[in-house]
Amino acid sequence: MSDLVQLTKDNDIAIITINNPPVNALSPGVPEGIAAAIEQIDKDSSVKAAVLIGGGRTFIAGADIKEFGKITSGENKRGVGLLPILLRIEDCTKPVVVAIHGTAFGGGLEVAMSGHYRVAVAGAQVGQPEVKLGIIPGAAGTQRLPRLAGVAKAVEMCTDGNPVKATEAFKVGIVDKLIEGDLLTGAVAFAREVSGKPAPKTRERNGKLGTPEENVPIFAAARENARKKQRGLMAPLAAIDAIEAATKLPFEEGCLAEEKLFAECLFSDQSKAMIHVFFGEREVAKIPDVPKETPIIPVNSAAVVGAGTMGGGIAMVFANAGIPVLLKEADQAALDNGLATIQKNYANSVKRGRFTQQVMDERLKLITPTLSYNDFANVDMVIEAVFEGMALKKEVFGELDRICKPGAILASNTSTLDIDEIASATSRPQSVIGTHFFSPANVMRLLEIVRGKATSKEVIATCMQLSKKLGKVGVLVGNCRGFVGNRMFGPYRREAQFLVEEGASVEAVDKALYDFGMAMGPLATGDLAGLDVGWRIRKEYRHLEKPGVRQPLAEDQLCEMGRYGQKKNAGWYKYDAKRRPILDPEVSELVSKWAAEAGIKQRQISAQEIVDRCIYALVNEGARILEEGYALRAVDIDIIYLTGYGFPNHRGGPMWYADTVGLKKVYERILEFHQQHGYWWEPAPLLKKLAEEGKGFADFDKAKSAGD
Ligand code: 3HC
Ligand code: NAI
């Protein structure tokens with residue numbers, strides 16, 4: 001036995017307890033410990049049955065994801081190595097009852113399915129989330145799950161990767177009994193009941209594997225669905241193949257088919273990228289100079305100033321998390337408008353079955369509309385979301401400073417303005433911070449948390465922790481123009497426009513990036529956000545433009561014509577009544593004309609050049625941001641792009657993608673662009689340095705976390 005697995009006894013029932021905090025992952029030592037316990041149980045004639053349970057807050061949450069990198073690098077030669085151990089559990093001569101609380105995910109559910117029975121508390125969850133890591137179940141999950149839950153359910157669970165509640169797992173046959181009260185007591189009693197009876201082996205239960213007539217349409221529909229909804233991903237299709245193998249081959253051969261598909265996925269760039277994302281989402285929560293022990297300010301109530309596009313969405317975010325929120329507007333009409341939008345959004349969710357009318361009513365009750373700052377003295381946090389203008393923001397913050405209680409967090413949702421200058425309107429800059437939500441605020445997962453020079457560690461720690469409670473991924477960024485996400489988005493969209501001006505069609509630019517995996521093409525994104533936003537900003541800052549440096553011209557011209565994008569039913573595209581984009585030949589003619597007037601020569605442009613120009617523009621700006629310290633790590637930039645800008649998970653974010661291509665290659669391409677296009681393509685010094693040293697951004701992050 002190892003320290004990670006303990007074997008104890010309750011009279012004639014053996015109890016195997018796994019203790020590998022925090023989530024009882026199947027790290028080296030855990031599977032071996034379980035196997036050793038089973039050996040002993042088999043030999044001990046006083047034992048009639050066994051219970052396998054997780055110590056601490058959960059059952060096994062899966063294979064140890066850290067091991068996967070070691071397998072692909074060759075450091076771990078053993079592989080996942082679970083299959084024989086699961087067979088050993090299944091072949092135990094005494095019934096093994098698996099007791100589930102918390103999460104039985106991935107390898108955890110595979111272990112559970114190798115037991116003879118599964119009991120669970122109602123709050124438990126089971127799932128095969130491997131697909132979210134770009135892999136498929138690798139310890140016979142695709143073979144045992146259809147045998148317990150049926151083919152359709154197994155396909156669903158292995159392709160969407162979403163958890164299933166114990167109550168549903170009971171209904172579909174994964175769980176044999178729901179336990180009320182203490183899990184171990186219930187599991188031991190259950191084990192006593194089944195001891196002495198023949199124990200069913202999952203691998204021999206073929207009753208739910210269906211007939212070809214039943215299965216063919218299930219697999220066909222699942223493949224179509226995966227191709228549409230999980231565009232470009234290999235794992236969902238591989239999972240379907242593996243389950244299909246379960247329906248056609250004997251168990252052992254099915255396992256071999258699964259093993260092969262698992263390895264193909266594990267060694268792919270996709271899986272490496274998605275594992276980077278898994279750890280990245282957790283890494284961004286770690287701020288080197290804000291230790292875990294930093295005191296947190298309780299946020300039990302909040303207020304939002306401004307009920308426009310963002311303010312309304314932010315109020316919903318708080319209400320969704322159960323936090324009462326005041327919503328203040330400047331006048332009654334704007335307030336009514338804001339509330340009507342919130343109601344409409346909630347009603348849509350109810351219509352779509354996301355939650356019930358009762359939930360909607362409860363959430364609405366948490367939002368209190370107001371026209372005054374009267375009750376602001378009592379709230380723990382305020383988020384300002386008024387128009388983007390420094391004078392107005394300062395006026396609001398001056399007011400908040402007068403009214404709010406000491407220690408209340410004063411946050412701004414500004415997307416471009418200087419947080420320090422906003423803070424200067426108060427007598428407590430340590431309480432001021434940027435919380436930059438993304439539109440639609442109630443949907444997008446990203447929350448850029450902008451640290452001002454005086455922002456206190458308590459305020460930072462609180463906002464980082466709060467982001468999780470709000471269902472967001474909080475990423476701490478520095479206070480520069482556009483912060484991290486929008487600062488990089490500028491060059492990305494600039495290149496998209498330049499490409500059209502140089503002769504690429506609107507459709508070709510959007511398609512190349514969509515095919516790369518972006519949720520939307522950059523021009524369609526511009527239409528959605530409103531081309532006029534950038535136009536207004538450019539007009540304001542025209543005096544800062546460097547003479548002789550090429551500026552994008554097409555969007556300004558489109559705006560001059562009133563083509564602001566979707567809101568005007570015309571921008572880069574035309575839009576029908578259902579807001580579907582329609583290519584507009586007039587736009588390409590106009591752009592050609594404008595290009596000719598500006599002396600820009602048009603030419604044929606390949607999809608590869610489109611992708612390289614747009615994505616490397618992100619990478620180059622990202623490298624500058626890193627070097628200047630406005631992002632803590634390259635992975636922080638990746639997470640920002642994955643959660644806020646529709647960058648595809650399976651590419652791991654722009655910086656990870658650049659590493660995958662190889663920074664030397666990226667740097668050389670940027671030099672090429674520099675030669676062709678000049679100023680904008682000056683390579684970032686950090687990119688040059690890493691490329692010349694043969695390193696990647698991941699090395700930069702490693703060195704940083706090692707304190708170099
Ligand atoms: N392996 C290694 N580390 C893991 C892990 C795993 N399977 N699951 C979680 N961790 C780590 C996290 O990185 C985090 O570490 P940190 O504190 O150093 O940042 C710590 O455990 C706590 O995790 P969370 O912060 O995510 O804790 P939560 O309570 O919010 O969530 C959870 C718990 C729901 C279990 C969530 O961690 C999760 O979804 N984990 C991944 C589950 C998964 O994907 N399992 C399948 C693995 S692949 C597999 O099993 C292949 C098999 O088929 C062979
Ligand atoms: P909006 O124009 O939709 O809403 C602003 C609202 O503030 C209006 O309803 C206005 O009546 C109200 N308001 C103005 N002064 C007020 C006052 N003194 N008290 C109370 N309410 C007042 O603007 P939007 O788009 O919601 O933007 C708000 C902020 O969020 C801006 O700083 C913007 O830069 C930022 N932002 C916007 C994003 C977007 O996609 N729209 C994304 C991220 C940030």
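Tutor: In this predicted model, a helix is a DSSP run of H or I with at least four residues, a strand is a run of E with at least two, and both are numbered from the N terminus. The helix called α12 gives three residues to the shell around ligand 1, the largest share.

Student: What makes a residue count as part of that shell around ligand 1?

Tutor: One of its heavy atoms has to lie within 4 Å of the ligand. There are 26 such residues, and Arg57, Gly107, Glu110, Glu130 and Arg282 come nearest. By class, 14 are nonpolar, five polar and seven charged.

Student: How do you know that glutamate 110 has a polar contact with ligand 1?

Tutor: An oxygen atom of the ligand is 2.8 Å from an N or O atom in the glutamate 110 side chain. The cut-off is 3.5 Å, so this pair counts. Two backbone contacts pass as well: a polar backbone atom of alanine 61 is 2.9 Å from a nitrogen of ligand 1, and one of glycine 138 is 2.9 Å from an oxygen of ligand 1.

Student: How much of ligand 1 does the protein bury?

Tutor: Taken alone, ligand 1 exposes 980 Å², and the protein buries 77% of that. Among the elements that give two or more residues to its shell are β5 (103–105) and α4 (107–114).

Student: Now the rings. What makes two of them an aromatic pair?

Tutor: Their centres must lie within 6.5 Å. By this rule the count comes to 15 aromatic pairs.

Student: Why is the pair of phenylalanine 68 and phenylalanine 262 called edge-to-face?

Tutor: Their ring centres are 6.3 Å apart and their planes meet at 65°. Planes over 60 degrees apart count as edge-to-face, so the name fits. Phenylalanine 68 sits in helix α2 and phenylalanine 262 in helix α11, so the pair ties together parts 194 residues apart in sequence. Both phenylalanine 68 and phenylalanine 262 are buried.

Student: And what makes phenylalanine 489 and tyrosine 492 stacked?

Tutor: Their planes are 25° apart, with 5.4 Å from centre to centre. Stacked means under 30 degrees, so they qualify. Phenylalanine 489 and tyrosine 492 both belong to helix α19, three residues apart, about one turn of the helix. With Phe438, Tyr641 and Tyr645 they form one aromatic cluster.

Student: How do you know that arginine 481 is close enough to lie over the face of tyrosine 541?

Tutor: Arginine 481 is 4.1 Å from the ring centre of tyrosine 541. The distance limit is 6 Å, so that part of the test is met.

Student: Why is asparagine 11 called exposed?

Tutor: Its relative accessibility is 65%. Exposed means over 50%, so asparagine 11 passes. Asparagine 11 also has a positive phi of about 50° although it is not a glycine, and it is found in the loop between β1 and β2.

Student: Why is asparagine 569 called partly exposed?

Tutor: Its relative accessibility is 41%. That falls between the 20% limit for buried and the 50% limit for exposed, so the in-between label applies. Phi of asparagine 569 is positive too, near 60°.

Student: Which residues does a cis peptide bond join, with omega about 5°?

Tutor: Proline 21 and proline 22 are joined that way, and proline 22 is found in the loop between β2 and α1. The bond from serine 439 to proline 440 is cis with omega near -10°, and proline 440 has its place in the loop between β15 and β16.

Technical notes. Residues are numbered from 1 along each chain as its sequence is written. Chains are lettered from A and ligands numbered from 1 in the order in which they are written. This is a predicted model: local features need pLDDT of at least 70, side-chain atom pairs count only at pLDDT 80 or more; totals for chains, interfaces and linings use all residues. Side-chain values use heavy atoms; hydrogens and water are left out. Rings of Phe, Tyr and Trp (its six-membered ring) pair if their centres lie within 6.5 Å; planes under 30 degrees apart count as stacked, over 60 as edge-to-face and the rest as tilted. Buried means under 20% relative accessible area, exposed over 50%, partly exposed in between (1.4 Å probe, protein chains only). A charge sits over a ring if NZ of Lys or CZ of Arg is within 6 Å of the ring centre and within 35 degrees of the ring normal. A polar contact is a pair of N or O atoms within 3.5 Å; within protein, one must be able to donate a hydrogen and the other to accept it, and residues adjacent in sequence count only if both atoms are side-chain atoms. Accessible areas come from the Shrake-Rupley method with a 1.4 Å probe; for residues, only the protein chains shown count as cover. Ala, Val, Leu, Ile, Met, Phe, Trp, Tyr, Cys and Pro count as nonpolar, Asp, Glu, Lys and Arg as charged, and the others, Gly among them, as polar.
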